[in-house]
Every structure is written in structure tokens, then in C-alpha cells.
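Welcome! Take a moment to look over the sequence and the 3D view, and then we will walk through a few of the contacts together.

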Amino acid sequence: MTDRATPGLTGAMFGALGIVYGDLGTSPLYTMQTVLQSSGGDVSTNTVLGVMSLIVWTLLLTVSVKYGVFVMKADNHGEGGILALTALVTGSRPERPAKGSTAAVLIGIGLFGGALLYGDGILTPAISVLSAIEGIQVATPALSHLVMPIAVLILVGLFCLQPFGTARIGKLFGPIMLLWFVTIGGLGALALLRHPEVMKAVDPRYGLDTLLEHGWGSLAVLGSVFLAVTGAEALYADMGSVGRGPIRQAWYAIVLPALLLCYAGQSASLIGLRKLPENPFYGILPPAIASWAIWPMVVLATLATIIASQAIITGVFSMTRQAMQLGWFPGLNIRQTSDREYGQIYVPTVNWTMMLCTVAIAVAFGKASNLSGAYGVAIATTMLLTTVLLFDYLRGPAGWSLAAALPLAAFFLFIDLSFFIANLLKFLDGGYVPLLAGLLIFLTMTTWRQGIAGLKVRADEHRPSPNAFVQHLSDSRVPRVPGTIVFLTRNREPIPPTLVSHVEQFGALQQSVVILTVAFEERPRVAQAKRITLQRFEGGVWYVVAHYGFVEIPNLTGALQLAHDEGCPIVPGDALFIGARDEVVRDRNQGVRLIASWRRMLFAFMYRNAVHSADRFMLPADRFVQVGRQIGL
């Protein structure tokens, strides 16, 4: 992948600020407050400098070095994210399952890491919006009772806007986030002038001394420090839509300096205080104007947190589509909300589920400081799993030697393990929420995969070879009637069961028969010249495989037109499409059980409610017929 550092770089950097850095950019709203609370509310100079040092080096090592330099190199034909990385290192897909215990473990790691992002997706909007709105009680404590109603109203409104897409309001994201970073960086610099000795915190010994001083309590401190980098995974996940170059340049030129100045300003504002204030973030406001300036600051913070929430929602939508097309998730209705931006999609089922979970979590936990206990566990686990996959990438596709890859991976693994263990302490304080959500998604993914594999086994049990089927047509003198019929099949075999059943039940067959399969590749996109592969058999039978990348939305009518251009006698507008609508039931035969009973019931529910092929693949509904069958698993 080449960095997108060409004309329009300024616009691309704006896009990176609005799409990628919402979560990282709004972390100063709650990180310093949470860290100091975990240290017992101590605001002594040494503690403040130690916390500042830990935050600085966490940002540098985790975001600037690990993600900015190394992880972002592991792109899958331009796409990033843990699912894309998993596909890159394992080459996994339903038609060619990975072999060997190592590959199976890597696939499991990638799937669980991706599933945990759903847990993060329901927490990020809640903690971000609450932390911004809580500025109201800093300005006017008498209005504290309005914090939760306003936060819920904003959260519900955010999810209700998703069906309209973000193509238009997305243009404002970049400038708003630029204003946000300039503001927090500038105010942080002004606050730093009050106590410039805070700059001593760049010495990592201050952070190490703080950890040693707190003993076992340092794990709680580390777990809170981790909140400063919970948005780091977005640098990698959004690489395909923004570009590696703009993401890196926005980080090093704008975001990192602004964050460091903001945290330094917060630290400076705490020097000399005896008690931890309600929220140290608003301490960066100059005292002379703080009484009125806090209100526009609350508004700007709220806008920034909405953008951060939008980024994670969009990321979950994108990951859902990837999981579907890599064969790990049931078919869901996906709407394209922009005719210009391919990444602008909307997944109704996921959207409303996230809204209910996010609002429930916000109300249940009540305050952003309470939510910090649940926040971070999922991302710490995902970052740890990303490092494991990164090592496999370095040893495999990147071609690094063991002597080069192992020390680097061990260094990052030590950091990630430290944060992972520290975040596990939050389990009973709410950390179980994202882990439980991730586990449920993981079980859904693996159950769907096992169920689809079981259906393939059943379909293969009585499937004739193409030559045997053509010979049967000839031997049985099956009448051929005018027209073209297209049989859809998810399996990579030329003769689907629906074709065999059609001949047996109707005793006739159209003159032109097309068997059509959709194959999703490990790469994000497939070139138009490689869109289809075409195979012809005797008796007017054609086998077409339409190839798509895992971020593309298939258009089968367009694929069949390409087949027509290459000699297949089909006119998509005149063809009749046949698809299977199977019902999964318990296998009453005394054969090998293909799937556990509880998984079979879950799979049957998902399979029954999955989106129809006509909707997912843009087929004409008036010429699409589904054939119902019962299949025992």
C-alpha cells in the first residue's frame, strides 16, 4: 500500500482528525481524573508528575511507535483492523479453512479481538458523552440533575441520525476536531506557563517512581493510564478509508502535540492544590475567564465526543460487513448511505442494538468516573491480541527473521500484558460488560461458521459431479424449455442441490442454466478484470464465480452482465433466479453430529432470520424464487 500523501493531503488530514482521532482526542476529558482517583486522590507534586510521565510515555510507545510505525505496516491490500490482519496471516475463509492448530489459534485470536470491539462500541459513546456533559456540574453544581437526561438525549439522537448517513455532517468533523485540538493544546500551553516545571515529567523515572511507590496499587494506576490510548486501535482500523500517510501526519503534527500540551496543562493546574477537583480537564481554562469560558468549552467537548462516538459506530458497521463477507457473521441488511463514499454504510440491527446497550450502560453506571471501570478492558485485550498477530505477520508476510521479530514483539507484549493485567482488576467494577459482549459476539461468529460448514457437508453428501449430471439429463431425456435460469449457491461446487431438486420435481429444465457462486476474497477489493471466472459444461450448463473483496457490496446483476460479455448466453434482465431457503432441524439419523445442540438452535435462529439473497445481492425481487428445504444437523 502506498501512503496517500498526494494532492488533497490537507483534506485527507482533516478526514483523519474527524474519523480516526475522536476517541484519542477526547480521552483528556476523563483520563487524568480517573488516574488520580485510582491513586487515592493524591495531588502532590510528585504524584502529578509521575502520572504525567506515565501518560506521556504510554502515548509515545503505544501510539507513536507500536501503531504509528509497526502495526500500520501490516495492511491487507490497504485495509487495516484486526479482522483484516487475521485474514492476512491465515488466509481464512469458508471455502478454504485454515489448517493446523497454529492457524486455528490465530483465527480465534483475531475473531475474539474483533468481537471485543463491539464491547468497546457500546462503551465509548457512553463514557465520552457523559464526561463532556459533566462539565455542566463543574460550572453550575445546581444543574447536576440535568447531566444524565441531556446525555441520554444526545445518545439517542446520535443513533437515530445513523439511517441518514454521515456524508454531509462528516465534512464538519475534521474542522471541529481541528478546533478541538488547537483549543486544548493552546489552553494546555497557557496553563503550563503557570508551572513550567511540569516539563520534568518527560523523564520516565518519575513514572517508575510513582509505580514503585504505590506497590500493588500501581496496577490500578496503570489501568487508568491506559484510558489515554484506548483509541489507538482506530489508527489501524480506519487505515483503508483514510490512508496511512494522512493518519500518521495528523498524529505527529497535530494530535500528539495537542494531547501532550493538554495533559501538561492539566498537571500544571493541579500543582499546589490540596484536593482533586471535580474534573481536572477544565482546570486548563485561565482562571480569569473560567467562569464564562467553561460553557463554550462544554459545547465544544460535547461536539468532539459526538464525533468520537460516530467514529466507533461507523467502525462497528464496517467490521460487521467484513465479518459477514469473510463468512463469520449471518447476513444482515446493509444500506449504503452515500453514493460517493463507499465506507458510508448503515446496519439497522447493529445500530439499534448498540443504542439500547449504550443508553442502558450510561444510566446504570451514572457517571463517567464509574464507567472508567468498565472501559479499557476490551481494548487492552484487543491490543494484546493485535501484538500476537503482528508477530506472525512479521515472521510471515513481512519476512522478518526470528532474531529481529522476537525482541520487538516481546517488548510490545510486555507493555500490552502490563495494561491487560492492570485492566483485569476492573472486571468486577464493570470490566465484565465489554468482555461479556465480546464473548457473545465470538460465540455467534463461531456458531455461524460451524453451521455453514455443516450445511456444506450435508449438501455434498448427495451432490453429483457436473459430468454425471449432464449425462443424467441426456439419459433421462429431460425436456429443455426456452429461457435462462440462474441457481444461486454458497458452496464452491458446480451442481447445487436446488438444481438437482428442480429437475426431479419439474421434469424439465431451461435451455440455458447458470450456477452462480459469490466468493469473498481475503483482499478488500477485487479488480473488475478479475471479477468473474467462467466455466462451461455440456448441455448448456455454465458455472460462474463472482469474486468480491471483503469490503465490497456484491452486485450480481453486474457480474452476470460480465459473464454475458464473455460468451455466457444470459440476459440478466430476463433470467429467473432460484435460491435455497433452508430450514435447519435436528438430524434424526444416527450419524455423526456436525454441531452441538445448543449451537444448532442458535444457528437455526440466525439462519432463519438472515437477510434474503435478493436483498443482499441486489437481485430483482420479481424474478427471484426461493425453494424451501429442511436440512438436519
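## Helices, rings and a buried helix

Let us begin with two helices in this predicted model. Helix H3 (residues 31-38) and helix H4 (residues 45-70) have axes that come within 11 Å and cross at roughly 125°. An angle of roughly 125° makes H3 oblique to H4. The crossing in which H3 passes H4 is right-handed. Which residues make the contact? From H3 come Thr-31, Met-32, Val-35 and Leu-36, while H4 brings Thr-47, Val-51 and Ile-55.

Next come the aromatic rings. How many aromatic pairs does the structure hold? There are 14 aromatic pairs, and two of them are set out here, one edge-to-face and one stacked.

| Pair | Arrangement | Centre to centre | Angle between the planes |
|---|---|---|---|
| Phe-112 and Phe-442 | edge-to-face | 5.6 Å | 85° |
| Tyr-118 and Phe-329 | stacked | 6.4 Å | 10° |

The pair of Phe-112 and Phe-442 links distant parts of the chain. Phe-112 sits in helix H6 (residues 101-133) and Phe-442 in helix H20 (residues 432-460), 330 residues apart. Is Phe-112 buried or partly exposed? Its relative accessibility is 23%, so Phe-112 counts as partly exposed.

Helix H6 also holds Tyr-118, whereas Phe-329 lies in the loop between helix H15 (290-325) and strand S1 (335-336). The pair therefore ties together parts that are 211 residues apart in sequence. Both partners are on the buried side of the 20% cut-off: Tyr-118 has a relative accessible area of 8%, and Phe-329 has one of 9%.

Rings can also join into a group: Phe-70, Trp-400, Phe-411 and Phe-412 are linked by ring pairs into a cluster. Another ring has a charged neighbour, for Arg-449 lies over the face of Trp-328, at 3.8 Å from the ring centre.

Our last stop is helix H22 (residues 497-506). Which residues of helix H22 are buried? They are Pro-497, Thr-498, Leu-499, Val-500, His-502 and Val-503. And what do the buried residues of H22 pack against? Their partners are the helices H20 and H21 (466-475), together with strand S3 (480-489), strand S4 (509-520), strand S7 (576-585) and strand S8 (624-632). H20 is thus a familiar name here, as it also carries Phe-442. After H22 comes Gly-507, which has a positive phi, near 65°.

Methods. Residues numbered from 1 in each chain as written. Predicted model: local features only at pLDDT ≥ 70, side-chain atom pairs only at ≥ 80, totals over all residues. Heavy atoms only, no water. Phe/Tyr/Trp six-rings, centres within 6.5 Å; stacked < 30°, edge-to-face > 60°. Helix = DSSP H or I, 4+ residues; strand = E, 2+ residues; numbered from the N terminus. Buried < 20%, exposed > 50% of the residue type's maximum accessible area, 1.4 Å probe, protein only. Lys NZ or Arg CZ within 6 Å of the ring centre and 35° of its normal. Axes fitted to C-alpha atoms, helices over the stretch in contact; angles between N-to-C directions. Parallel < 35°, antiparallel > 145°, perpendicular 65-115°, else oblique. Left-handed = near helix turned anticlockwise from the far one by under 90°. Contact = heavy atoms within 4.5 Å.
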